[in-house]
Amino acid sequence: MTQNLADVDLRKRELAPSRHRETQDLPLANLIGEVDQQEIEALYKRFRRLDKDRKGFISSEEFLSIPELSINPLAQRLSFFVESINFKEFVTFLSGFSAKAGREEKLKVMFDVYDVDGDGFISEDDMAQTLRYLIGSTLAEAELRSVIERTMVAAGADAKGLTFAQYKEALGDTQLALNLEVPTGD
Amino acid sequence: MASKASFMRRTSANPVGLTRSDVLDISSPLNDAASAIVDDSFLRCFTSAVDEPWNWNFYLLPLWILGVVLRNAIIFPLRLLTLLLGALVFIVAFMVAEALPAKHRTLAERRVVQFMAQIFVTSWTGMREGECVIRYHGPRPVSTANRVWVANHTSMIDYAVLCAYTPFAAIMQLHPGWVGLFQKRYLNSLGCLYFNRTQAKDRTLVHQRMRDHVADPNSMPLLIFPEGTCVNNEYCVMFRKGAFDLGATVCPIAIKYNKIFVDAFWNSKRQSFTAHLLKIMRSWALVCDVYFLEPQSKQPGESSQEFAERVQAMIAKRARLTVAPWDGYLKYYNLAEKHPDLIESQRRTYSAIISKHVVPL
């Protein structure tokens, strides 16, 4: 993966993409480095399939119409990232999940999902919100707060919350489960 | 959910300093989400076949061009003409049939509708029913009380393919446009039942009328597509159990289309039915096998659900379809909104991990 990928800020995307933007911005290869031709083709087919009304971008409703995604606890949070994305953004978004992505990139994706308000810090509120998505209402507010506080202290957070560097440090050498393979068979 | 299993294994194997990574590592649900985005087993059931290009070759290209010209300039107009003339004859014949005394009327109407179905089939195959392109296997269905026929569903053309062989009354979604007119004006005479699949009230009403229809020995054989929606003829989605708790004998029908010339799957979100028909009429031919399978009754101790699954497995095997666990109606609603419990059961897994870190206050 090229370095510029890690710098792509997932939150600062312009919305309302034009219908033909993906063709104007070719070659995609500049952006996505190691994602090979077959994978791009497979992803493009998939994109067209998800784009039910052929607008050239996918709405979050279209994403949530995938049953297996709609029941994912983080689906609501992710739908914010995938709202109205065009094909290029679709590939960029997914490349961070790829088995081929570097550890740094994967961590960046996870950090961005965690950082709900997008200020570059995972604050206690960010964490509370993300954990609520993840566990629902099974824990009382006070219990959740105690877990968050302990995590913050253990990870060495300061007043504003966890920075990316601290987040990365806290996860140490934990094996990340992000190993997306793009099926290119059919 | 292999990734979730590994998530749990990982955390339990590393009890020291587990707080941070347990709470901070959200890679497992993210990976599940991304995997569903790039591929999922639901949309696969509703994917049209892709045309593999075979004609870009010095020898094949002229042949292919010749084929395109032949199909579009000669075969298609002939078929269209057959269809229009057939429809004209049908409209007149139906009016005549309606004017007959009640004793002969029903029989005549059925015969005329069957004729129209045969015209449709001819416009897709260029041949009369039973002649090599559409092959029917197994005994021809006969009308008896307490029987119901169920088939896998690929397109509305299924109904014409079956009716051309033997007329059926079917449970159908009422369609807009000319199809709806046709349904209301003509198919009523066969005792077809219509409903709107999104209206629960309609569904209970239809269920009652289905019971009445099946109990009546003089009614037409009743055909039900228990998938409730068109599937791409590669997969078979969940059978709704309505047809299986009538207490009637169920006669399975397996329909397998050969995609060699044209994909018979009607993707109603992408294509109007008219466009779908024109596509089939411009192809060389619709090739298909219809199998009438051995009638099945509910075994003692078997639930309607299990009975439905057993019949589904029979049809899927004969038509070489892969059984998918999904409810086809998911095309029309969001799974999480309808079944919030499914998200909750996933949340319980994560909450079990997080709650380990709660310190009693």
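This passage describes a helix of chain B and the contact between chain B and chain A in a predicted model.

Helix H4 of chain B spans residues 60–99 and comprises 40 residues. The distance from its first C-alpha to its last is 55 Å, close to the 58 Å expected at 1.5 Å a residue. The helix H4(B) nevertheless bends by about 35° at Ile75(B), and a proline, Pro77(B), follows within four residues of that position.

Several residues of H4(B) are buried, including Gly67(B), Arg71(B), Phe76(B) and Arg79(B). Also buried in H4(B) are Leu83(B), Gly86(B), Phe90(B), Phe94(B) and Ala97(B). An α-helix has 3.6 residues a turn, so residues three or four places apart point the same way. The cover over the buried residues of H4(B) includes three helices of chain B, namely H5 (102–125), H7 (177–185) and H9 (273–281).

Chain B also meets chain A, in a contact that takes 45 residues from chain B and 58 residues from chain A. The size of an interface is often given as the accessible area lost when the parts come together. For chain B and chain A, the buried area is about 4900 Å², with carbon and sulfur atoms giving 70% of it.

Across this interface, 19 residue pairs are found in polar contact, and one salt bridge is found. In a salt bridge, Asp40(B) pairs with Arg46(A), and their closest N and O atoms are 2.6 Å apart. On the side of chain B that touches chain A, at least two residues each are supplied by helices H2 (18–24), H3 (27–38), H11 (335–338) and H12 (340–354) of chain B. The largest share of that side, 12 residues, comes from H3(B).

Technical notes:
Residues are numbered from 1 along each chain as its sequence is written. Chains are lettered from A and ligands numbered from 1 in the order in which they are written. This is a predicted model: local features need pLDDT of at least 70, side-chain atom pairs count only at pLDDT 80 or more; totals for chains, interfaces and linings use all residues. Side-chain values use heavy atoms; hydrogens and water are left out. The expected span of a helix is 1.5 Å times one less than its number of residues. The bend at a residue is the angle between axes fitted to the seven residues ending there and the seven starting there. Buried means under 20% relative accessible area, exposed over 50%, partly exposed in between (1.4 Å probe, protein chains only). Contact means heavy atoms within 4.5 Å. Buried area is the accessible area (1.4 Å probe) that two parts lose on being put together, summed over both. A salt bridge is a side-chain nitrogen of Lys or Arg within 4 Å of a carboxyl oxygen of Asp or Glu. A polar contact is a pair of N or O atoms within 3.5 Å; within protein, one must be able to donate a hydrogen and the other to accept it, and residues adjacent in sequence count only if both atoms are side-chain atoms.
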